[in-house]
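Reader: Thanks for sharing this one! Could you take a close look at one part for me and then show me what surrounds it?

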Amino acid sequence: MSKSSISEPTRQFKWIAAILVAFYSLVTIMPLLWIVATGFKSSADSIAYPPKITFQPSLEGYVNLFTTQTRQTKEFMAANPPQNWYEEIVHSKGMVIAGPSRFGERFLNSTIIGFGSTFLSVFLGTMAAYAFSRFRVPLKDDLLFFILSTRMMPPIAVAIPIFLMFRAVGLSDTHAGMILLYTAVNLSLSVWLLKGFIDEIPREYEEAALIDGYTRFQAFYKVVLPQAATGIASTAIFCLIFAWNEYAFAVLLTSGTAQTAPPFIPTIIGVAGQDWPAMAAGATIFLLPVMVFTILLRRHLLRGITFGAVRK
Amino acid sequence: MANGIIERAAKSTPAPFARKIKGLSDRAIAWIFITPTIIILLAVNIFPLIWTIWLSFTNYKANRPNADVKWIGLRNYERILTDSDIWLTMQATAHFLIWTLVLQVLIGFALAWLINQKFKGNDLWTTIIVLPMMLSPAVVGNFWTFLYQPQIGLFNYVFAFLTQSDPTSFSMIGDVALAPWSIVIVDTWMWTPFVMLICLAGLRSIPDYIYEAAECDRASKWRQFWTITVPMVLPFLMLAVLFRGIENFKMFDLVVQLTGGGPGSTTELTSINLKREAFEKWRTGYSSAYAIILFVTVFGLASIYVKALNKVKER
Amino acid sequence: MKFKRLTTAISAACVAATLAPTAHADDLTLCWAAWDPANALIELSKDFEGKSGHNMSFEFVPWPNFADRMLNELNSGGKLCDLMIGDSQWIGLGAEAGHYIKLNDFFDANNISMGDFIPATVTGYSEWPKGTPNYWALPAFGDVVGWTYRKDWFNRADLKSEFKGKYGRELDVPNSLAELKDIAEFFQGREIDGKTVYGAAIYTERGSEGITMGVTNALYNFGFEYNNPNKPYDLDGFVNSDGAVAGLEYYKALYDCCTPPGSSDWYMSENIDAYKSGQVALQMNFAFIWPGVHADSNVGGDKSGYFPNPAGPGGHFAQLGGQGISVVSYSDSKDAALEYIKWFAQPEIQKQWWELGGYSALRAVVEDPGFASSQPYAQTFLDSMAIVKDFWAEPSYASLLLPMQDRVHKYVIAGEGTAKEALDALVDDWTEVFEDEGKL
């Protein structure tokens, strides 16, 4: 809470600021709302010329997203009437459901790889950051700069040898390979962010604990970790946003087994041509976990974005 | 300082003895804590980098694993630096980089400054504004091809509604002159919130008493803005520029989905060009040299920039 | 009821016994592009699973990444795919690099004769080297570029008379590329039902193979040849002949005058969207979309008609699409994969394949007297398959495609240079590829 002071802006000015910000928010949210709305359109409405703002909502996009559909002969259609509401939707287009789509798998892959690598990079990052913050490590500054510089390489550039390396050791198109890769990419960020946070925690707390007979390990996880919770949370947000949405490595290094959702969603194909409602539905569902995660941890967002880099 | 004593005591204690009383020694813990990170980075970042450097001196093609690999010295580097197409992609990248940074800094800072006026409900608006950066860039790029379609897309219709013109009279990604701007617009839409968040953190770090002191000196609001707000936020802003600069120099996913580098090669950024060389033409040696050149460029620019940033911070 | 089920079960068991000499069930993975026909194949393959006891799984890659991903898979000796429905142009690579199994012995042993398939598909999808009886695939899906048009607009009395007044002939399916351009020009910018509509949606895509698959339909018909018919890989004067230049100029003129704004990076799906949303009178696209167009709620049924790529001054051809099905040599289940091909080649399965929307290449299916009238687009499909021509199917296909995409897109879409310059440059690029390959 800011105490009222002479630097407090005037009421009038607050109003102007609020209106300008609200206007920007509305403009910026429009494409996003359009995506969400497209998910509830029928395929004909989604490509309507001119575009439709009001439309009859339909769950077609969501049904298409989760199923694979095919044409069938009239006899087959007549002999197999729809059993439930989603088969009804598919049947009304003259199609039948041939099986589930790959979206569920891709989403699961994203969850495993995204959260797995986030956990690992925060876990390893916290340990490394603690060591850099508290102990005299030889060549500390060089090591830190080395860690940061790994982030400057364009993903496509590193992808060449990683592609060859993964192929040689059998990691291509595996969950383990992708988790390892994303962990490595995120480690630089997490070490830097977390070092900033841990530097802020007074050493006296741990030393008191050490005197009380705690080991270093105990002091680390009973004293330092709880203090660094905010930093860990905000680091986790950034690592997750990256790993969840990453495309370049995923498209080059994964195919059948470990492919995540970002390379998959833009390629959802319908009866003929791109299935915009299904893609929009996929994009909407895919946004939800990260959005919820971020909104839950949003108090930490501001601190995380700057600590580590500005303070040190 | 008290902490020094204990640390020194811990360090001077012989390791076996220390383990008895406190578990592992500090030095051991330090190495245990750091080693996994270093090993992963060595394996997944440094080893591939060294491999890339080696490949860049050869004519290796990854789609022909059994062919002979010949050492060809600096030939790849020569060919890249004398190739005029590469300079075109560099220009496209520079256009994209400069304009996204300019727009994102201006809009991001303005938004942060407005939000920092602490009006009611600014939390809600902030949450809405940051939503675009949580989307997957590839999905965003793909959807904007849809939004940019003159006949069926939202963008042209909104623009036409605001200017009372014909929505199909222009095509953002189809027109050679507009395409470079189409990618700037989408990137700005997506990443301005990031710059805004950093600026907001900067603005909130300025203690109130500085303004109060300025108020006592009867400095005008305008003067306060230029002598207090801007200099205090500058390090944060420069940091935002560093992050976005590195990211946009590497830009691939959003643009490849949005324009695929077209029309012609008007939006063919270096990463897209590199992807074509490496994973379509499979000129692995050549594209490794290309990658090294890009890396050295980013690394060089970033180090100069970080030095400047440190100077600003010291002020 | 019970009795009937029993007999089906018994007959299925009999078929299974003849089909499945191997006792154990294998897991087979079939790789193809992610598109409508592939979904129909999932449905069709349920019959195979039931009869053979093998499990089928499917790996479908979207068109823009299909070649990249699958060629990479093959080149690295990957075991992901047991069966590959690979694009027609990959056959040279598949054969020469040993990615595919040669099928001649298998065909002989199982009485599968290539004479039973449409000749163009055998040449296009199975043979390497072309024109020799060496088979590396069974024709699986016949496909060819053709045109879809808005029959309902063509039939409007007011438009008909206006067109006749302007061009002196009926508004009807075009007989030549020049007539096609007239029609496209006629519709471009016209107001129909309160909407501005445009002439034609054509292929312009840059990233994969789009513009090549489109522009060849003009190039071939103006006299473009891939090389000297008497001297392989002799390109100069054939790729960049006067006819070829005129063909490329035609395609650019068509793009400039008669396509929807913003159609600078369009391939199959964008063209479909434009057509279905009522933006265009004509649409260039592969035949695979026709069942979908016919079933569409907006433009389906009588509202749409289909015609083959019209002739030009230098000939009458259409760009071949489509694929053959091959067994990947790195597979651990080659026998089961061959069983699948044997099953797939049966006439009754091929007939069912056609009914589900798959373009069968089996003559017994397409030459059936009822075929041409079975669907409104069936005759057009047959006519188109009679005039097909394909892109290079050399092992270096991917390296040949890239410069073509690049040169043609830069000239047609971005307007850089002249048609002659673009094709001259293409001759140089291709010559370099063939030199690298040691073919020159």
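Author: Gladly, and let me begin with how chain B is divided: the domain assignment (automatic or from a database) gives domain 1 as residues 2-55 and domain 2 as residues 78-314. The centres of domain 1 and domain 2 of chain B, taken over C-alpha atoms, are 38 Å apart. This is a predicted model, in which local features need pLDDT of at least 70 and side-chain atom pairs pLDDT 80 or more, while totals for chains, interfaces and linings use all residues. Residues are numbered from 1 along each chain as its sequence is written, with chains lettered from A and ligands numbered from 1 in the order in which they are written.

The part for a close look is a sheet in chain C. Five of the chain's strands (DSSP E runs of at least two residues; helices are H or I runs of at least four, both numbered from the N terminus) make an open sheet of mixed pairing, ordered β6-β7-β8-β5-β9. At its edges lie β6 (190-192) and β9 (304-308) of chain C, each pairing (at least two DSSP bridges) on one side only. Ignoring direction, neighbouring strands of the sheet are turned against each other by 40° on average.

Within the sheet, β7 (195-201) and β8 (280-286) of chain C run parallel and share three bridges. C:Tyr198, for instance, has C:Val280 of β8(C) as its bridge partner.

Helices pack here too. Helix α9 (177-187) of chain C lies across β6, β7 and β8 of chain C, at about 160° to β7(C); such angles, from 0 to 180 degrees, compare N-to-C directions of lines fitted to C-alpha atoms, for helices over the stretch in contact. Helix α18 (378-385) of chain C also packs on the sheet, where it touches β5 (145-150) and β9 of chain C, and its direction makes about 15° with that of β9(C).

Elsewhere in chain C, helix α10 is largely enclosed by the rest of the structure, because 13 of its 13 residues are buried (20 or more other C-beta atoms, placed from the backbone, within 10 Å of their own). Just after α10(C) comes C:Gly223, with a positive phi of about 115°.

Finally, the neighbours. Chain C brings 30 residues into contact (backbone-placed C-beta atoms within 7 Å) with 22 residues of chain A. On that side of chain C, α2 (36-52), α12 (268-276) and α13 (290-295) each supply at least two residues. Between chains A and B, 85 residues of chain A are in contact with 82 residues of chain B. Helix α1 (11-38) of chain A gives the largest share of the side of chain A that touches chain B, 15 residues.

Definitions and conventions:
Two residues are in contact if their C-beta atoms, placed from the backbone, lie within 7 Å. A residue is buried if 20 or more other C-beta atoms lie within 10 Å of its own, exposed if 12 or fewer, and partly exposed in between; C-beta atoms are placed from the backbone.
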